[in-house]
Amino acid sequence: MLLAGICITGIAHAQDRKAPAYPLITHNTYFSIWSNTDKLNSSTTTHWTGAEQSLLGLINVDGKIYRFLGKEQTNYKTLLSASDEASYSVNYTENKPLGDWTSLKYSTAGWKSGPAPIGDDEKNVKTLWKSDDIWVRRTFNLSAVADINELFLKLNHDDNVEVFLNGSKVYEKTGWTSSFQYFPISKKLLKAGGNVIAIHLANSAGGRFLDFGLVDKLKNSTGSILLADQKNVDVNATQTVYNFTAGKIDLQLTFTSPLLLNDMKLLSRPVSYITYKVNANDGKNHAVKIFLGASSDIAVYQPTQVVTAQKYGTAKLSVLKTGTVEQPVLQKGGDDMRIDWGYFYVAAPKATGAVQFITKGTEAANAFAKGTILSTAPKGRSLSLNTVVPFGKVGKTAVERFIELGYDERFSVQYFNTDLRPWWNNSGKATIEGELTDAFSEYQSVMKKCVAFDKQVYADALRSGGKEYAYICVLAYRQSIAAHALVKSPAGETLWLSKENNSGGFINTVDVTYPSAPLYLIYNPELVQGMLNGIFHFSETGKYPHPWAAHDLGTYPKANGQTYGEPMPIEESGNVIILCAAIAKADGNANYAKKHWKTLTTWVDYLAKEGLDPKTQLCTDDFAGHLARNANLSVKAIVAIACYAQMAQTLGEAETAKKYRTIAESMVPEWIKMADAGDHYALTFDSKDTWSQKYNLIWDKVLGLHLFPQKVYDTETQYYLTKGNKFGIPLDSRKTYTKNDWITWTATFAPQKDQFETLIHPLYVHALETPSRVPLNDFYDSKTGIRENFKARSVVGGFYMKMLADKLKAE
């Protein structure tokens, strides 16, 4: 609750809003559950991708039941199957039809027919569609229309869609979905007997896809459940803490993912805690029981996958386990992915008298309300793993209990065609039961460590940048870590492999490592080595033959070689060299760089040749397109060459250090001359009416390179201060979009404290006001705050740059 004292003014309902989304369970890109509303009981909890992964929390106080976590699962009855339940065929045409093609009586003579789904991915569709437009009709018969409670369209589409039911438009959207969504439509449009759904789909970018059906939303049978009153929520580095009142009982609910970066054993343990602390608020004694229903959807890619579930016990724990029947280990890869191999676990200490049972998800809340504890669904779809924790009679003295949630992936990633187990089970001899038991035995000590660490992170950030800066750093902590997998290579090297969440799904992307690194350089530089080891291996084994660093190692979870479409030679080579210098600074030696000196030399020579005035290349901001003569990319090359010289000096190679230092120093006046645009420095050397954030300059300051004169920093900062919008300064002069990780880097080299605070303030406002309710988004419109793309990415670790600068300066 370290953020409770922060003063937020001028923001409507600010006392309720603490984050765009709230981290609950955060371990890696697969085991990552969030709440996307300010009230924990206002929405179903989700995976970071947005797919529902329900955690349902109920409390029984003297027979009255209150919901404090999530929502009861909606129960739908299928009226017209989508292809996830049953095959169906449609009529379609790729030529704009004449006449009233949406009416039931329309003739489809000349149209084609084919099975659904329709799209352009041959692996996942049954009818190929690769043109810009398609018109689809599906006729069907229904009886007993009057018995329908609420009619919903079940739809998954890519891209822009118009949907008609019996000639009336019932839905329209510009954009796409990545899973089935449910949209209410009027049941009055349905007829007993023949009906038709007609759809026009237009492709505007990327992929193509269409699948649809109709469902009836059934009445909620748990109408007697009340809502607990959420008093506040506080987000700390490793914990999210909620406080509720449920009648005569106060409940403090704490989600702890003990991601302590300096404790690799604890960091890798895939177990989070949910802690319940209850006490009477009227001084009297009350009978209390708490219920947790955890959905088996946490262990599937799509909720249509069949799972099995079982209950068993260890010496100290009662355990529930679920996973897919299919178990396609490491078979799926891509961006919008959930894990569908391995097993999800819910464990409760036996000593508390906890009772566990398994039901369908739709039956979970009702079972608790009725006092039923019978397992009724060992196999099926969207099951609920249910745990009831009795507290007995509770008075004014608080009583505390906890439940553990764990995930055993079995195998985490594939690394150059070798399947790697998670770090905690690298030997293959550990068990998840052992991890759950250790988490149980160490509960008190782990919680103390987390509380102490949370205080330390906040205090460090507060000292570096003030309250608003500390706020965004705390929000970023778990998110950045949870976008990684921790494994050991076959050679025993640490691998800390990122997933490029919501921006391609690549694994170990170098220009994601680069902005993420400050967090890890502060708390455990070995993890930065773990971000680079695979990239060096790729080059040094000859698998990547180019004289520059690779962009990535593949598509998550398969790290078998670059899958991004083209190289970013200056970008990635500069990134790795700079980060090796940062590791050397943090470690006090250049031993890591020495191991890879030959490779680093090849890359720095490429930068010396091509880096000063870059030809047309992509940089990390690839969404902005190719750019020639990129002044900020040139800065990266110059700084990287000086970093190489600094490492050479540390290694005692004085002549080499002198040679490359001279190269870097000779480039600086050339850069100033080419980039000089009067009151600022240009985006590109040939366009003086442009500008950009020169965030790569920060390493000149942080690593003490003393390359660029102070005038460059003064000039740029003064200019940035004239370009501010409500949610930050734009990335450059081309668009109004921005990247908040780069803003923190730009702010860090601002010469004055008030300038830093002015540049940081909009990022704080963005966290509290952005309309995009997703895990911290780093790429958004600086005027509206609306997400351009990206969410839940590790790059928010870059917020820690000011703390890193202060730490290295102090040393």
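**Entry 1: helices α8 and α10**

I began with α8 (residues 569–587) and α10 (residues 597–610) in this predicted model. Their axes lie 10 Å apart, and I read an angle of about 125 degrees between them. An angle of that kind falls outside the roughly parallel, antiparallel and perpendicular ranges, and α8 and α10 are therefore oblique to each other. The crossing of α8 past α10 is left-handed.

Next I looked up who touches whom. From α8 I noted P569, I570, S573, G574, V576, I577 and C580. On the α10 side, their counterparts are L600, W603, V604, Y606, L607 and E610. Sorted by class, this contact of α8 with α10 holds ten nonpolar, two polar and one charged residues.

**Entry 2: helices α15 and α16**

I then turned to a second helix pair, α15 (residues 740–748) and α16 (residues 753–769). Here the angle is about 160 degrees and the axes are 8 Å apart. Angles over 145 degrees count as roughly antiparallel, so α15 is roughly antiparallel to α16. I logged a left-handed crossing for α15 past α16.

Which residues make the contact between α15 and α16? I found N740, I743, T744, A747 and T748 on α15, facing F756, L759, I760, L763 and H766 on α16. The class count for α15 with α16 came out as six nonpolar, four polar and no charged residues.

**Entry 3: the six-stranded sheet**

On to strands. I traced an open sheet of six strands in the order β8-β7-β11-β16-β13-β14, and its pairing is antiparallel. Why is one side of β8 and of β14 left without a neighbour in the sheet? β8 (112–115) and β14 (168–173) stand at the edges and each has a single partner strand, so one side of each stays unpaired in the sheet. From one strand to the next, I get an average twist of 25 degrees.

Inside this sheet I checked β13 (residues 160–165) against β16 (residues 193–202), which pair antiparallel over six bridges. To fix the register, I noted V163 opposite I199 of β16.

Just past the β8 edge strand I stopped at P117, which sits in the loop between β8 and β9 (118–119). The A116 to P117 peptide bond is cis, with omega near 0 degrees.

**Entry 4: β25 and its partners**

How many residues of β25 are buried? I counted eight of eight in this strand (residues 317–324). On one pairing, β24 (residues 307–313) runs antiparallel to β25 and is joined to it by seven bridges. T308 has G323 of β25 as its bridge partner. A hairpin of three residues links β24 to β25.

I followed β25 to its pairing with β26 (residues 343–349), antiparallel again, over six bridges. L320 is bridged to V346 in β26.

**Entry 5: β23, β4 and β29**

Strand β23 (residues 286–295) is mostly covered too, with eight of its ten residues buried. β4 (residues 55–61) pairs with β23 in the antiparallel sense over seven bridges, and I marked L55 with A294 of β23 as one partner pair. β29 (residues 383–394) is joined to β23 by ten bridges, also antiparallel. There, K289 stands opposite P390 of β29.

I took a closer look at N60, a residue of β4. Is N60 buried or exposed? Its relative accessibility is 11%, so N60 counts as buried. Leaving out residues up to four places away in sequence, N60 touches I65, A287, V288, K289 and F368. One of these, A287, is 227 residues from N60 along the chain, yet their C-alpha atoms are separated by 7.7 Å.

**Entry 6: backbone oddments**

Just ahead of β29, I stopped at S382, in the loop between β28 (379–380) and β29. Its phi is near 50 degrees, a positive value in a residue other than glycine. With a relative accessibility of 13%, S382 counts as buried.

I found another positive phi at N502, near 60 degrees. N502 belongs to the loop between β34 (494–498) and α6 (510–523). The relative accessible area of N502 is 16%, which makes this residue buried.

Last, I noted a cis peptide bond from Y556 to P557, with omega near 10 degrees. P557 lies in the loop between α7 (525–540) and β35 (558–559).

Technical notes:
Residues numbered from 1 in each chain as written. Predicted model: local features only at pLDDT ≥ 70, side-chain atom pairs only at ≥ 80, totals over all residues. Heavy atoms only, no water. Axes fitted to C-alpha atoms, helices over the stretch in contact; angles between N-to-C directions. Helix = DSSP H or I, 4+ residues; strand = E, 2+ residues; numbered from the N terminus. Parallel < 35°, antiparallel > 145°, perpendicular 65-115°, else oblique. Left-handed = near helix turned anticlockwise from the far one by under 90°. Contact = heavy atoms within 4.5 Å. Nonpolar A, V, L, I, M, F, W, Y, C, P; charged D, E, K, R; others polar. Pairing = 2+ DSSP bridges. Buried < 20%, exposed > 50% of the residue type's maximum accessible area, 1.4 Å probe, protein only.
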